[in-house]
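Me: I'm new to this one, so I'd like to ask where some of its labels come from. Could you show me the structure before we start?

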Amino acid sequence: MRLSVAAAISHGRVYRRFGLSPRSRLDLLRNLVTALVRHERIETPWARADEMRGYAERLIDYAKRGDKDERAMRMADFWLTEKDLIHKLFKVLAPRFQPHAGSYTRLLQIPNRDGLDRAKMAVIELKGNPLPPLVRPRRDSDRTLLNQLLKGYRQDVQRARGT
Amino acid sequence: AVLVLVHSPLPRLRALLQRCWGRLERGLWPAVFGSQSPPWGPALAVQGPALVPQGISDAGAPSLLETVVWMAAPKQRRTIEVNRCRRRNPNKLIEIKRNIDVCPECGNLKQKHVLCGYCYAKVKEETRLIRMEIYKKEGGPFNAPTAETVVLYEGEKPTEKDEGKRIIERARKRPSWFVQN
């Protein structure tokens, strides 16, 4: 029975390593969360966006508790470095996401960065933001077999209801 | 066993033999014999020591075969056929991508799980212009509003859904891909 963990094995570790140290990793993610709350859509390396997503959604869950809650206020105070965003979080984002149960963010991959590193980039945005949409939902064409059959069925039902 | 025998019929030859033997002995046992050796004469043959001690540390110069570090080197030239087999093995070729599709909006190529580059660049440019308008309206840094925002284009009036929202105006016609809610 192995009682100690070998240095190079990382089975089951969920958190990625960023920056110079664990504190630096939290600072990096904190900057990203602040930027997301301010601009509502940011473009960053995919790994950072993925890591930050969990923290952002938990912050919104805390904000839903209301700004009278002491823990919620302390969390918002730590995670948002620009203090005018605390007002935005409690007054704009919490009411916007009150009807939603979870998944307040959308993470989409974009083509690799143009620089030398060709990094895998992603754009992460809060749902319901006022900016133009990134992906237009596409309906299936009317010419597909299934849609034609459904259209015929609908017409039959209408005719039956009419007569 | 070494037999020590000195015998000589003539005194001159005997002297010569003695001198030769003395030199030999001096060569073999330099520590034992000093500048002069005691006189030798006829003696009985006795069994001498089994091992004649040699110079222990006279390995001489180690030959080139021992000092050089041996490394692997190819013995034969690899033929072009063998080289081709190795270079063109499928695990060395670039993988072909089968996840490339055509974007239904603009017709450019895109990967299936990635956003279309052209459409994303279009949206990015429009958001940049909207953000410039927002910055002009806010006037300075750290002035995030406490109300929602809505973007209106030329000739558009705010609907009843946009009651308490901050209005950002863009001086152009509404693009077809940005549908008003």
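Reply: Sure, and keep in mind that this is a predicted model. A good place to begin is Arg30(A), whose charged end sits over the ring of Phe78(A), 4.6 Å from the ring's centre.

Me: What makes Arg30(A) count as sitting over the ring of Phe78(A)?

Reply: One part of the test is distance: CZ of Arg has to be within 6 Å of the ring centre, and here the value is 4.6 Å. Likewise, Lys120(A) lies over the face of Trp46(A), at 4.2 Å from the ring centre.

Me: Why is the pair of Phe78(A) and Trp79(A) called edge-to-face?

Reply: Their ring centres are 5.5 Å apart, within the 6.5 Å limit, so they pair. Their planes stand at 90°, and over 60 degrees counts as edge-to-face, so that's the label. Tyr55(A) joins Phe78(A) and Trp79(A) in a cluster linked by ring pairs.

Me: How do you know whether Trp79(A) is buried or exposed?

Reply: Trp79(A) has 8% relative accessibility, and buried means under 20%, so Trp79(A) is buried. Phe78(A) comes out at 30%, between the 20% and 50% cut-offs, so Phe78(A) is partly exposed.

Me: What makes the lining of the largest cavity nonpolar?

Reply: The lining has seven nonpolar residues, with no polar and no charged ones. Among them are Val33(A), Leu36(A), Ala56(A) and Leu126(A). Helix H1 (22-39) and helix H2 (46-64) of chain A each give two or more residues to that lining. The space inside is about 30 Å³.

Note on methods
Residues are numbered from 1 along each chain as its sequence is written. Chains are lettered from A and ligands numbered from 1 in the order in which they are written. This is a predicted model: local features need pLDDT of at least 70, side-chain atom pairs count only at pLDDT 80 or more; totals for chains, interfaces and linings use all residues. Side-chain values use heavy atoms; hydrogens and water are left out. Rings of Phe, Tyr and Trp (its six-membered ring) pair if their centres lie within 6.5 Å; planes under 30 degrees apart count as stacked, over 60 as edge-to-face and the rest as tilted. Buried means under 20% relative accessible area, exposed over 50%, partly exposed in between (1.4 Å probe, protein chains only). A charge sits over a ring if NZ of Lys or CZ of Arg is within 6 Å of the ring centre and within 35 degrees of the ring normal. On a 1 Å grid over the protein atoms alone, a cavity is a set of points where a 1.4 Å probe fits but cannot get out, and a pocket is an open set with protein on both sides within 12 Å along at least five of seven lines; lining residues have an atom within 4 Å of a point. Grid points are joined across faces, edges and corners, and a volume is the space filled by probe spheres set on the points. Helices (H or I, at least four residues) and strands (E, at least two) are DSSP runs, numbered from the N terminus. Ala, Val, Leu, Ile, Met, Phe, Trp, Tyr, Cys and Pro count as nonpolar, Asp, Glu, Lys and Arg as charged, and the others, Gly among them, as polar.
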